[in-house]
Amino acid sequence: DLGANLTLVKNVITHGGAAQVSDFPLFVDNQLVNSGVENSFTVGAHTVSEFSDPDYTQTISGDCDSQGNVTLVANTPKFCIITNEEMPAYITVQKVLNNNGGNSTTSSFAPYTVDSTQVTLGAANQFNSGTHQVAEITAPNYTTTFSGGCDSTGQVILNSGDSKTCTITNTCNSSNPADCDI
């Protein structure tokens, strides 16, 4: 006999991704259910679950334990929540400087930015998934190249959970050290 009610709610937290509640089918035992809709089940032990996505971490809460187990009793509605959060992505900017004996240092090309966010060289910085632009101050007499996780223009594309390192290399075009000072 059906005599116990359970509502399963789905939350999706994205950081640039496009996943929606409908991308994660929800189940109580093997029965497909809709998010936010109260359903009747037999009294006793049940398990909530979903089709998971490796780009999202899953947390189960409410009246369910962290494994999705819940015990239903008559006339006591239960409420469980499954939250999926997109895994963070990171960009690390590194610098190589070939100043041919000049006095320029890596700080001569600062600030270093990803989009409009100032970053510290060598530090992993969290960003939403998507396309980003790595940049620095340009200097006369220097050629700038990008490598690693960036394309030749300094653009980097992050997917959920990515950790990419972009290397900016500046090379002075003159053999005269004075021409290499910024």
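This passage reports the disulfides, aromatic pairs, charge-over-ring placements and nonpolar cores of a predicted model.

A search of the whole structure returned three disulfides. A disulfide is a covalent bond between the sulfur atoms of two cysteines. With the bonded cysteines numbered in sequence order, the pairing reads 1-2, 3-4, 5-6. One of the bonds connects Cys64 and Cys80, with an S to S distance of 2.0 Å. The angle about this S-S bond is 85 degrees, and the link of Cys64 and Cys80 is right-handed. Distant parts of the chain are linked by the pair: Cys64 belongs to the loop between β6 and β7 (69-72), Cys80 to strand β8 (residues 78-86), and the two are 16 residues apart. Cys64 has a relative accessible area of 7% and is therefore buried, the limit being under 20%. For Cys80 the relative accessible area is 0%, and this residue is likewise buried.

Cys150 and Cys166 are also joined by a disulfide, with S to S 2.2 Å. The torsion about their S-S bond is about 100 degrees, so this disulfide is right-handed. Because Cys150 lies in the loop between β14 and β15 (155-158) and Cys166 in strand β16 (residues 163-172), the bond ties together parts that are 16 residues apart in sequence. Cys150 is buried at a relative accessible area of 8%, and Cys166 counts as buried at 0% relative accessibility.

A disulfide is also formed by Cys172 and Cys180, whose sulfur atoms are 2.0 Å apart. Here the angle about the S-S bond is -90 degrees and the link is left-handed. Both Cys172 and Cys180 are buried. Cys180 is in addition one of the contacts of Gly102, which, leaving aside neighbours within four places in sequence, is in contact with Pro177, Cys180 and Asp181. Gly102 is located in the loop between β9 and β10. Its relative accessible area is 13%, so Gly102 is buried. The C-alpha atoms of Gly102 and Ala135 are 22 Å apart in space, with the two positions 33 residues apart in sequence numbering.

A pair of aromatic rings is described by the distance of the centres and the angle of the planes. The count of aromatic pairs comes to three. In the pair of Phe27 and Phe51 the ring centres are 5.3 Å apart and the planes stand at 70 degrees, so the arrangement is edge-to-face, for which the angle must be over 60 degrees. This pair links distant parts of the chain, with Phe27 in strand β2 (residues 26-28) and Phe51 in the loop between β5 (44-50) and β6 (56-62), 24 residues apart. Phe27 has 15% relative accessibility and counts as buried, whereas Phe51, at 52%, counts as exposed.

Phe109 and Tyr142 form an edge-to-face pair, with 5.2 Å from centre to centre and 85 degrees between the planes. Distant parts of the chain are again linked: Phe109 is in the loop between β9 (89-98) and β10 (112-114), Tyr142 is in strand β14 (residues 142-148), and they are 33 residues apart. Phe109 is buried at 0% relative accessibility, and Tyr142 is buried with a relative accessible area of 9%. The ring of Phe109 also lies beneath a charge, as the charged end of Lys95 sits over this ring, 4.0 Å from the centre. Elsewhere, Lys10 is placed over the face of Phe24, at 4.3 Å from the ring centre.

In soluble globular proteins, nonpolar side chains tend to be buried together. The largest nonpolar core of the model holds 19 residues, and those with the most contacts inside it are Ile91, Val93, Val114, Val134 and Val156. Two or more residues are given to this core by each of β9, β10, β14, β15 and β16. Not counting residues up to four places away in sequence, Ile91 touches Val114, Ala123, Ala124, Asn125, Phe127, His132, Val156, Leu158 and Lys164. Apart from the largest core lies another core, of 14 residues, which includes Leu26, Val28, Cys64 and Val70. Cys64, a member of this other core, is also the disulfide partner of Cys80.

How values were computed
Residues numbered from 1 in each chain as written. Predicted model: local features only at pLDDT ≥ 70, side-chain atom pairs only at ≥ 80, totals over all residues. Heavy atoms only, no water. Phe/Tyr/Trp six-rings, centres within 6.5 Å; stacked < 30°, edge-to-face > 60°. Helix = DSSP H or I, 4+ residues; strand = E, 2+ residues; numbered from the N terminus. Buried < 20%, exposed > 50% of the residue type's maximum accessible area, 1.4 Å probe, protein only. Lys NZ or Arg CZ within 6 Å of the ring centre and 35° of its normal. Disulfide = S-S within 2.5 Å. Contact = heavy atoms within 4.5 Å. Core = buried A, V, L, I, M, F, W, Y, C linked by side-chain atoms within 4.5 Å.
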